[in-house]
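Please look over the sequence and the model shown here before reading on. The report that follows is meant to be read beside them.

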Amino acid sequence: MSGIRITYSGLVSLSFGLAKIIVGLFFVTIITRLLLVEEFGTWALISGLFVYGVVLSPIFSFWATRETARKINSGKTSVLAEGLFSVAGMGIYILAVMLVSPQTDVDPNVLIFAVLLIPAMYIHKILSAINLGWKPHTVPLSNFYADLAKIPLVLIFLYYFDMGVIGVIIAFFIGFIINNLALLWYGREKVKNKIKKEFIQKWLKISWLPLYPQIAPLFARSDIVIFSVITGSVIGLAYYSAALVIAGIVGFAGAFSIGVYGKLLGEEKKNYLGHSITLQTYFMILFAGLSIIFAEYGLFVLNPIYQIASLIVIILTIRIFFQTLNGLFSHILTGIEDVDTKIESKFKDYVKSKLFTVPTIQLIQTVSYVCLLSFILIISSNTSTQLELVVWWVLLAVCVEIPLTIFLVKLIRKSVEINIEKIRIGKYLVVATIVFGTTFMFLDQDEISNSWFFDPDQLHGVNGLVEFLPPLLFFIILSSISYLIITGIIDSKIRDLFRAIIHEVKKTK
């Protein structure tokens, strides 16, 4: 029987996810206002290259979650193995830099310096995987600590020492150290066991199984590298990354279902799945509404230079909405799979399992996406602006994400009895449309533009934010509370959620 409490883990994770949004936006605002567009684009390229450096991480982190949830004591062994393999990850990252940097206008020394983060990322992944199988709510909690610590660090490195991207890398490195220490403390009971080479032998023997699902994300995240190589510039990446900060808020709703995967691995009951999907979608709709309505204003907070990317925010919000759903559906499908618990399972059994089927579907999707993106960029790069190319990029991303959602839903219905509450979700959509549509009409565009937005003196630094943020926060809070209150009045499940929140708060007193 799993000890994971879905609602409790979800509420804690979502609470710290909301705090992380606030802290994260503040952190990114510092970066976007103190870095030049080219420097911010360089950081975006580095983030894209990381996907190659951490490609070996799942060999051990994949099993860490599954075995921890099933009370198999392999924690210390997995941490040691992950640390050793991070050296190979550093080599892969440097190789990727050597191949990509000649095709772009980026200083290769800055890209190579970022290899410092690879070992820290490997340790973070394995410790997060262990905690996800035991106390999933501690992962966003540790992330929050790190994000909080990075704010003064990046201010010191960028504002006082003017270190540029190098300063961002150092701030992230120290943040990872804080994050990893917190995760190690929370998961200390799971890493006290002995180191056993039998575990490593087993993991390496079937290493193809956790590595195979990484091929799809590898292709998907290659879009950043492909864009910079074909266009020869990182300007478009800067616009894309700024828009992703605002649109990415939707992804935080996935925190509500953070405990689903571990609970599925630890017990046979599955009657909570429909409930988890409904509530995650409830918060996704809220965050999507905020991202879309306040797209232009959010970009102004980051830096007025990026305001022209508001359309990209809207399109990216739709993509991340379906991407977050797909993440939950994938966890459900792989969480109910038990082929790895059977000693007699052979290669053909794994190939027939959902551990292989789900990543195969994702691989088909991402290969199609990357091929189409490359084709569009090649034929358009000489006739379109960087901003126009990014718009085509994100439109394509949406077009390939929705079919995957449809396919995964069909696969879930064939695999497990689950009630997807379409009527309830429809009610949330209607309420969101009314609330955020009304908010949009009340926002006096001309007055806001003249008083806050297009003042050329506000292009750099933090001037103007003191006057701008209070009215913006007022509209954000008002529309959010309206959505919560109206849905609470018309839907019993949301009222039950509010009661659960009150109950958990009382228990902590």
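The sections below take up confidence, aromatic pairs, charges over rings, one helix, and the nonpolar core.

## Confidence in the model

This is a predicted model, and its mean pLDDT is 82, with 84% of the residues reaching 70 or more. Among the elements of the protein, helix 5 has the highest mean pLDDT, at 93, whereas helix 20 (residues 445-453) has the lowest, at 45.

Over residues 445-463 the pLDDT stays under 50, although the model does have 30 contacts beyond four places in sequence for these residues. Where pLDDT is low, the predicted coordinates should not be read in detail.

## Aromatic pairs

The model has 21 aromatic pairs. One of them is formed by Phe27 and Phe172, whose rings meet edge-to-face, at 5.5 Å centre to centre and with 70° between the planes. Because Phe27 belongs to helix 1 (residues 6-34) and Phe172 to helix 8 (residues 165-186), this pair ties together parts that are 145 residues apart in sequence. Phe27 is buried, at a relative accessible area of 6%, and Phe172 is buried as well, at 17%.

The rings of Phe474 and Phe475 make another pair, and since their centres are 5.6 Å apart and their planes stand at 70°, which is over the 60 degrees required, this pair also counts as edge-to-face. Phe475 has a relative accessibility of 19% and therefore counts as buried, the cut-off being under 20%. Phe27 and Phe172 are also members of one aromatic cluster, which they form together with Trp43, Phe50 and Tyr93.

## Charges over rings

Lys150, a residue of helix 7, lies over the face of Phe172, at 3.9 Å from the ring centre. With a relative accessible area of 8%, Lys150 is buried, and, leaving aside residues up to four places away in sequence, Lys150 touches Phe27, Ala171, Phe172 and Gly175. Both rings of the Phe27 and Phe172 pair are thus among the contacts of this lysine.

A second charge over a ring is that of Arg188, whose charged end sits 3.8 Å from the centre of the ring of Trp185.

## Helix 6 and its surroundings

Helix 6 (residues 117-132) has 16 residues and reaches 22 Å from its first C-alpha to its last, close to the 22 Å expected at 1.5 Å a residue. This helix is mostly covered, with 12 of its 16 residues buried; among them are Leu117, Met121, Tyr122, His124, Leu127 and Asn131. The buried residues of helix 6 pack against helix 2 (37-53), helix 3 (58-69), helix 4 (75-100), helix 7 (138-160) and helix 8.

In the loop between helix 4 and helix 5 (108-113) lies Thr104, which counts as buried at 12% relative accessibility. Apart from residues up to four places away in sequence, Thr104 touches Leu45, Ser228, Val229 and Gly232.

## The largest nonpolar core

Which residues touch the most other members of the largest nonpolar core? Of the 149 residues in this core, they are Trp43, Leu45, Ile46, Leu49, Phe50, Tyr93 and Trp393. Helix 18 (residues 386-415) gives the most to the core, with 14 residues.

Not counting residues up to four places away in sequence, Trp393 touches Asp223, Ile224, Phe227, Leu237, Tyr240, Tyr369 and Leu373. Trp43, Phe50 and Tyr93, named above for their contacts in the core, also belong to the aromatic cluster that includes Phe27 and Phe172.

Terms used
Residues are numbered from 1 along each chain as its sequence is written. This is a predicted model: local features need pLDDT of at least 70, side-chain atom pairs count only at pLDDT 80 or more; totals for chains, interfaces and linings use all residues. Side-chain values use heavy atoms; hydrogens and water are left out. Rings of Phe, Tyr and Trp (its six-membered ring) pair if their centres lie within 6.5 Å; planes under 30 degrees apart count as stacked, over 60 as edge-to-face and the rest as tilted. Helices (H or I, at least four residues) and strands (E, at least two) are DSSP runs, numbered from the N terminus. Buried means under 20% relative accessible area, exposed over 50%, partly exposed in between (1.4 Å probe, protein chains only). A charge sits over a ring if NZ of Lys or CZ of Arg is within 6 Å of the ring centre and within 35 degrees of the ring normal. The expected span of a helix is 1.5 Å times one less than its number of residues. Contact means heavy atoms within 4.5 Å. A nonpolar core is a set of buried Ala, Val, Leu, Ile, Met, Phe, Trp, Tyr and Cys residues joined through side-chain atoms within 4.5 Å. pLDDT is the predictor's confidence in each residue, from 0 to 100.
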